[in-house]
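Dear colleague,

Please find below the structure that I am handing over to you, together with its sequence. My findings follow directly after it.

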Amino acid sequence: MTPQPSKRRSTRPSPRPFLKWAGGKRALLPQILGALPEGKFEFYVEPFLGGGAVFLESFRTGRIGRAVLCDRNLELVETWRAVKTAPKTVFELFGQWAQDKESYYAVRALEPAELSPHARAARVIYLNRNGFNGLYRLNRSGGFNVPYGAYTRPQRLDLDNLLAVSHALKSVELVCEDFESVLKAAPAGAVTYCDPPYWPASKTASFRDYDQRGFTGEDQQRLGACFRELGGRGIVGLLSNADVPETRALYAGLEIGTVQCRRSINRDGAKRGMVNELLVRTPTVDGLKTP
Ligand SMILES: C[S@@+](CC[C@H](N)C(=O)[O-])C[C@H]1O[C@@H](n2cnc3c(N)ncnc32)[C@H](O)[C@@H]1O
């Protein structure tokens with residue numbers, strides 16, 4: 001008897017980001033996915049993972065073959081690893097804490113080094129969902145210091161979504177490194193989307209957004225040089241950054257487009273208007289179709 005393909009439709013939900021990450025790309029997915037090559041990415045590299053919106057959407061639309069996802073924030077990468085290997089445990093540990101102000105400060109005060117890796121992941125997700133604007137900010141001694149977010153409705157965690165994310169990560173390598181090493185190791189034919197901390201839009205804005213080391217002007221230059229080399233190595237690269245004269249100069253000569261998006265993370269509500277961002281692409285490579 002010839003086996004028949006199953007007619008049962010998968011009930012697994014589509015994976016969505018489980019973290020609200022500063023600079024998250026959910027709102028720009030149609031433009032970003034539209035600027036990436038058509039068809040399946042045999043090897044996908046995302047060196048600035050954050051909340052992983054672009055990876056998850058690419059997976060949802062069946063475009064991911066092998067993938068390397070990287071971020072320099074160890075707590076973040078360990079959270080992704082815990083969701084990959086033990087989504088249910090992370091969900092249950094998250095559920096042990098009430099979502100109110102007093103509990104928030106108690107969870108914030110927990111010493112991560114004294115928790116299990118799964119409890120550390122649950123704590124990161126809990127602080128992200130209950131802290132102000134989903135910010136990730138550490139003080140000089142490395143302690144998380146974002147104040148309580150006072151949401152009117154508690155931000156619940158969806159187990160089915162964690163299971164779907166875990167499934168999406170099955171054959172994915174999660175690494176905690178500087179972007180340069182993963183971009184240098186990417187093979188010919190790879191596709192990469194780079195979403196670094198942005199060049200500050202004003203002189204008073206800070207580069208120090210995501211960790212204590214910050215992302216300096218030198219890091220931007222290093223990324224610019226690395227990104228320029230990709231095309232010559234047969235790699236398709238797409239990169240987001242702020243639309244400022246410095247980034248236009250850094251990527252001059254490459255294909256530069258602009259997209260409009262809402263700037264959501266700003267303490268000053270009046271400054272949360274629409275801003276332009278750059279989408280920079282390496283030159284089209286033979287054998288890979290770009291739109
Ligand atoms: C703009 S966010 C990425 C947001 C992500 N695209 C999303 O949709 O949520 C930038 C990320 O780069 C990471 N990062 C900062 N410096 C880095 C470095 N030198 N190498 C790798 N990752 C770095 C930060 O920890 C942060 O998570």
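Strands β4 and β5 run parallel and are joined by 4 bridges. Strand β5 spans residues 236-242, and its residue Val-236 stands opposite Val-191. Please bear in mind throughout that this is a predicted model.

Strand β4 also pairs with strand β1, which comprises residues 41-46. This pairing is likewise in the parallel sense and rests on 2 bridges. Within it, Val-45 has Thr-192 of β4 as its bridge partner.

The surroundings of β4, residues 191-194, deserve a separate remark, as both faces of this strand are covered. Val-191 and Tyr-193 lie on one side and are buried; Thr-192 and Cys-194, on the other side, are buried as well. Thus Val-191, which stands opposite Val-236 of β5, and Thr-192, the bridge partner of Val-45, belong to opposite faces of β4.

Turning to the ligand, there are 25 residues around it. Those that come nearest are Gly-23, Phe-48, Gly-50, Gly-51 and Asp-195. By character, the shell around the ligand divides into 12 nonpolar, 6 polar and 7 charged residues.

As to the protein as a whole, it has 291 residues, of which 36% count as buried. Its secondary structure consists of 10 helices and 7 strands. Among contacts with a separation of 6 or more, 72% are between residues 24 or more positions apart.

With kind regards

Key
Residues numbered from 1 in each chain as written. Predicted model: local features only at pLDDT ≥ 70, side-chain atom pairs only at ≥ 80, totals over all residues. Buried ≥ 20, exposed ≤ 12 C-beta atoms within 10 Å, placed from the backbone. Contact = placed C-beta atoms within 7 Å. Pairing = 2+ DSSP bridges. Near = placed C-beta within 6 Å. Nonpolar A, V, L, I, M, F, W, Y, C, P; charged D, E, K, R; others polar.
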